[in-house]
Amino acid sequence: MEPRDGRARARRAPRLLVLALLLGAHPGAQAEERLSGSSLVEVMKGEPVALNCTALGAHDHFVLEWFLADRSGVRHRLASAEVQGSELQGGVHDSRGRSPPYQLDSRGRLVLTEAQVGDEQNYVCVVRAGAASTEATTQLRLFAKPEATEVLPNKRILSVVDDFAQEIATCNSRNGNPVPEITWYRNGEPLRMPMEVNADGYMTSRTVREASGLQSLISTLYLRPRKADQDASFHCSVNYQLPTGRRGRLDSPTFRLSLHYPTENVDFWVGSPSTTEGWVREGDSVQLFCRGDGNPSVEYIFFRLQDKQEDVLKTNLEGNLTLEGVQRGQSGTYGCRVEDYDAAEDAVLSKTAELRVAYLDPLELSTEEELSLYLGNSTTVNCSVRGLPTPALRWTKDFVPLGNGPTLSLSSITFDSAGTYVCEASMPTVPLLSRTQSFKLLVQGPPQLSPEEPQPQTGDSWKEGEEVRLVCSARGYPEPKLSWSQLGGSPAEPALRGHGWVSSSLTLKVTSALSREGVSCEASNTHGKKQHVFHFGSVTPQTAQAGVAVMAVAVSVGLLLLVVAAFYCMRRKGRSGCCQQGEKGAPPPGEPQLSHSGSERPEQTGLLMGGASGGARHGSGGFGDEC
């Protein structure tokens, strides 16, 4: 029999053992989490995880074992190790076909290098120290993110007339763990559909365990479609779990339904180029549009009502009819009818509209293209028009408005009345439909003269020889001819101010004679002539300049006489005896005596005589005896 104190020590031995589990899992590393007793370890598929089992306490020697507990409760020994101090000896005994196999590291941890679906089981760690032993169980839970969500819409046309729920689409979430959840959405709003079959709508779900151990979820949506679902957007969303309570979401692509619903309303209208008032221009191509709100598109029948009878124009599925180059005779009532045998009995399947063709005939004037009137006369011109809707008439002259209405009254016409008059017809309700007709008014009469009086360039009077440009303008019909009393006038040309004026210019120099006589400009045509005389008033002679010229000539002559006189005196001083003889005595006998009468002066006679007799008498050149 075991001593009492021995049994007491045996009972106290388990109390000296404390078991702790260091558990962890994260990508690329072996993370640890210390838990006492039973614990839960969460890991993503494919990531490493290490299960740690360590005896805490003052024990230098103990045995550590790892077991795999299957769902039936049977334990399978995986690995064991004997711990002596800080040394551990042992290894893995059975990996049970796992690849890669289990590993036992130097700290006695059970290592799973790549977490797999089959690893999601309970692992038992047993520690024995002497006769005492204790154990702890660890549950390993594996998570796998499912593949992209796939949705398969029903491609058939769904009828809204049926009174039962129809298959809308199937949503697939493959290879996830644990099984995810699927939610259906319409226009972004979740559909809370029951799992029980009913006429308005429900959904079914089916879970499939794949060969890999992962799980797939298939959900099918059933709805009783409505007409409003034609434009609705549907999709499904998969919600899956992650470690530490986190969740993920994968949405499918959106899709729309192909619905069949009968026609309830029909729209019919006249398209481009119709105006806001519903008029179309004669000659335009007009489009008629017909649209029913049923689906799929049904057959459209276009017709024209004539004497309350339908004259069918065209039948098609597009709902469009083009009338090429419409004429005024095509105005009337047009309609469209939809052939939909699924429509309700009270549905209105036909609509009509009025086609109004606007036209405008050429304008007619009560005068020819050219109207010739004598100055001061009066006349009235009428403008006639035919069109629908009723056109508006207005008159303009040179783009200046004159008034509205068909009648144009011209009284006491002047040359300013001449020009082009335009009658314009337009339709405010049909902006691009308008016509014009014009005539030209010619005003007959004698010339009207308009001279441009010139002004002196400086001062108040003209100066002799100053240049002046004379301009003479005239108008009348026929166009007047312009002539000048002096030569050099330019040909008549249209004046810058227009309105039938022509002008001619003459450039000349002012003289006293022109000032007295004047320069005349004359305009003439078959009805008469008109003349204007240009005068220049008093003309100032250019005397100052003539005096200067005379003075210059006088100075030049005086200087020449001074030079001759100086030369003459110098010659006389050299012959002083002769001069004295000539002054005091009579001439020698036989010498002719010169006469000082007439226009000859003594000095001129002496010069002539000296030159003639000196050579004969004294045989010397130059001057001889001269007085």
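Which residue stands opposite Tyr-374 in strand 38? In this predicted model, the residue is Gln-444. Tyr-374 sits at the end of the stretch that makes up strand 31, residues 370-374, and strand 31 pairs with strand 38 in the parallel sense over five bridges.

Strand 38 is a good place to stay for a while. Spanning residues 434-452, strand 38 also takes part in two antiparallel pairings. Eight bridges tie it to strand 37, which covers 419-426, and here Glu-424 faces Thr-436 of strand 38. Another six bridges connect strand 38 with strand 40, the run from 467 to 477; in that pairing Leu-449 has Ala-474 of strand 40 as its bridge partner. So much for the pairing partners listed here: strand 31 runs parallel to strand 38, while strand 37 and strand 40 run antiparallel to it.The same strand turns up again at the second largest pocket, which has a volume of about 360 Å³. Its lining is made of 17 residues, and those nearest the pocket centre are Ala-418, Leu-442, Tyr-477, His-499 and Gly-500. Strands 37, 38 and 40 each contribute at least two residues to this lining, with strand 38 giving the most, at four residues. In chemical terms the lining is a mix: six residues are nonpolar, five are polar and six are charged. As for where the pocket sits, domain 4 (362-444) and domain 5 (453-540) both supply lining residues, so the pocket lies between these two domains.

Other pairings fall within the bounds of domain 4, residues 362-444. Strands 30, 32 and 36 form an open sheet in the order 30-32-36, with antiparallel pairing. Strand 30 (364-365) and strand 36 (407-410) are the edge strands; each has a single partner strand, so one side of each has no neighbour in the sheet. Strand 30 is joined by two bridges to strand 32, residues 379-384, and Glu-364 has Ser-384 of strand 32 as its bridge partner. Then there is a hairpin, built from strand 34 and strand 35 with two residues between them. Strand 34 covers residues 392-397 and strand 35 covers residues 400-404, and four bridges hold the antiparallel pair together. Trp-395 is matched with Gly-403 in strand 35. In the turn itself, Asp-398 has a positive phi of about 55 degrees.

Further back along the chain, strand 24 (residues 286-292) pairs with strand 22 (residues 266-270) in the antiparallel sense, over five bridges. Val-270 stands opposite Leu-288 of strand 24 in this arrangement. Strand 24 also pairs with strand 27 (residues 320-323), again antiparallel, this time over four bridges, and Gln-287 is set opposite Thr-322 of strand 27. In a regular strand, side chains alternate between the two faces of the sheet.

The backbone has a few local features to flag. The peptide bond between Ser-99 and Pro-100 is cis, with omega about -5 degrees; Pro-100 belongs to the loop between strand 7 (87-92) and strand 8 (103-104). Another cis bond leads from Asn-295 to Pro-296, with omega near 0 degrees, and Pro-296 is found in the loop between strand 24 and strand 25 (299-306). Positive phi values also occur in residues other than glycine. Asn-187 has phi near 55 degrees and is placed in the loop between strand 15 (181-186) and strand 16 (189-191). Thr-244, with phi near 60 degrees, lies in the loop between strand 19 (234-241) and strand 20 (247-251).

Finally, a word on confidence. Mean pLDDT for the chain is 82, with 82% of the residues at 70 or more. Over residues 1-38 the pLDDT is below 50, and this stretch has 88 contacts in the model beyond near neighbours in sequence. Residues 576-627 also stay under 50 in pLDDT, and the model has 40 contacts for them beyond four places in sequence.

Note on methods: Residues numbered from 1 in each chain as written. Predicted model: local features only at pLDDT ≥ 70, side-chain atom pairs only at ≥ 80, totals over all residues. Heavy atoms only, no water. pLDDT = per-residue confidence, 0-100. Contact = heavy atoms within 4.5 Å. 1 Å grid on protein atoms, 1.4 Å probe; cavity = no way out; pocket = protein on both sides within 12 Å on 5 of 7 lines; lining within 4 Å. Points joined across faces, edges and corners; volume = space filled by probe spheres on them. Nonpolar A, V, L, I, M, F, W, Y, C, P; charged D, E, K, R; others polar. Domains from an automatic or database assignment. Pairing = 2+ DSSP bridges.
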